[in-house]
Amino acid sequence: MSLAQRVLLTWLFTLLFLIILVLKLDETLGWNWFLVFIPLWIFDAVLLVMLTVKLAGHCKAGYDRHSGRVRRKVWYLCAMLLKLAFLLALCAHLEHLATLQLSWILAPLWALLLGVVGDLGYSTFSVRAS
């Protein structure tokens with residue numbers, strides 16, 4: 001998938017999610033919150049499939065499994081799973097399926113943000129050291 005197709009896909013799913021979110025908040029739609037987040041679920045599923053295929057391609061014989069590229073792809077996979085955990089906890093809280101404290105709902109998001117800051121710092125300072 002080319003960069004232009006990925007950007008178009010991202011904008012399309014974001015726009016669709018925002019339209020559905022506004023309709024839900026305006027009480028025009030009577031959907032539950034899991035249905036409101038369907039564009040994000042679909043987008044995340046597409047990204048997880050693409051990431052899994054790329055990781056499987058790195059596992060073939062003769063490829064250096066200890067390179068930074070594989071480590072980066074594993075970080076992307078962990079980040080996607082943290083985002084999905086946050087969205088699931090948020091939807092469960094909004095639907096009153098679970099009585100979780102807000103700190104537990106936001107824990108995957110905070111872990112994701114700390115990981116992003118750590119990854120940014122690592123990539124910034126490892127380039128300077130080289």
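Two salt bridges are counted in this structure, which is a predicted model. Side chains of opposite charge can pair when their charged atoms come close.

One of the two salt bridges joins the side chains of K83 and D44, with an N to O distance of 2.7 Å. K83 belongs to helix α4 and D44 to helix α3, so this pair ties together parts that lie 39 residues apart in sequence. The two partners differ in exposure. D44 has a relative accessible area of 1%. Buried means under 20%, so D44 falls in that class. K83 is partly exposed, at 25% relative accessible area.

A salt bridge is also formed by the side chains of D119 and R72, at 3.4 Å from N to O. This pair, too, links distant parts of the chain. D119 sits in helix α5 and R72 in helix α4, 47 residues apart. R72 has a relative accessible area of 28% and is partly exposed. Helix α4 thus holds K83 of one pair and R72 of the other.

Attention turns next to empty space. Rolling a probe the size of a water molecule over the atoms shows where empty space is left. The largest pocket has a volume of about 190 Å³. Its lining consists of R6, L47, M50, L51, K54, K73, Y76 and M80. Five of these residues are nonpolar and three are charged. No polar residue takes part in the lining. Two helices, α3 (38-58) and α4 (68-94), each supply at least two lining residues. Helix α3 gives the most, with four residues.

Helix α4 also contains V70. The relative accessible area of V70 is 14%. Because the limit for buried is under 20%, V70 counts as buried. V70 and T52 are 18 residues apart in sequence. In space, their C-alpha atoms are 11 Å apart.

The loops hold two residues with positive phi. E27 lies in the loop between α1 (3-25) and α2 (33-36). Its phi is positive, at about 60 degrees, although E27 is not a glycine. The relative accessibility of E27 is 72%. Exposed means over 50%, so E27 is exposed.

H96 is placed in the loop between α4 and α5 (102-129). The phi of H96 is likewise positive, near 60 degrees, and H96 is a residue other than glycine. H96 is exposed, with 71% relative accessible area.

The loop between α1 and α2 is also the place of W31. W31 has a relative accessibility of 35% and counts as partly exposed. W31 takes part in a nonpolar surface patch. The other members of the patch are L35, I38 and I42. Together, these residues make a patch of about 320 Å². L35 falls within the range of α2 (33-36), while I38 and I42 fall within that of α3 (38-58).

Technical notes: Residues are numbered from 1 along each chain as its sequence is written. This is a predicted model: local features need pLDDT of at least 70, side-chain atom pairs count only at pLDDT 80 or more; totals for chains, interfaces and linings use all residues. Side-chain values use heavy atoms; hydrogens and water are left out. On a 1 Å grid over the protein atoms alone, a cavity is a set of points where a 1.4 Å probe fits but cannot get out, and a pocket is an open set with protein on both sides within 12 Å along at least five of seven lines; lining residues have an atom within 4 Å of a point. Grid points are joined across faces, edges and corners, and a volume is the space filled by probe spheres set on the points. Ala, Val, Leu, Ile, Met, Phe, Trp, Tyr, Cys and Pro count as nonpolar, Asp, Glu, Lys and Arg as charged, and the others, Gly among them, as polar. Buried means under 20% relative accessible area, exposed over 50%, partly exposed in between (1.4 Å probe, protein chains only). Patches are made of residues with over 30% relative accessible area and no salt bridge: like charges are joined within 9 Å, nonpolar side chains (Val, Leu, Ile, Met, Phe, Trp, Tyr) within 5 Å. Accessible areas come from the Shrake-Rupley method with a 1.4 Å probe; for residues, only the protein chains shown count as cover. A salt bridge is a side-chain nitrogen of Lys or Arg within 4 Å of a carboxyl oxygen of Asp or Glu.
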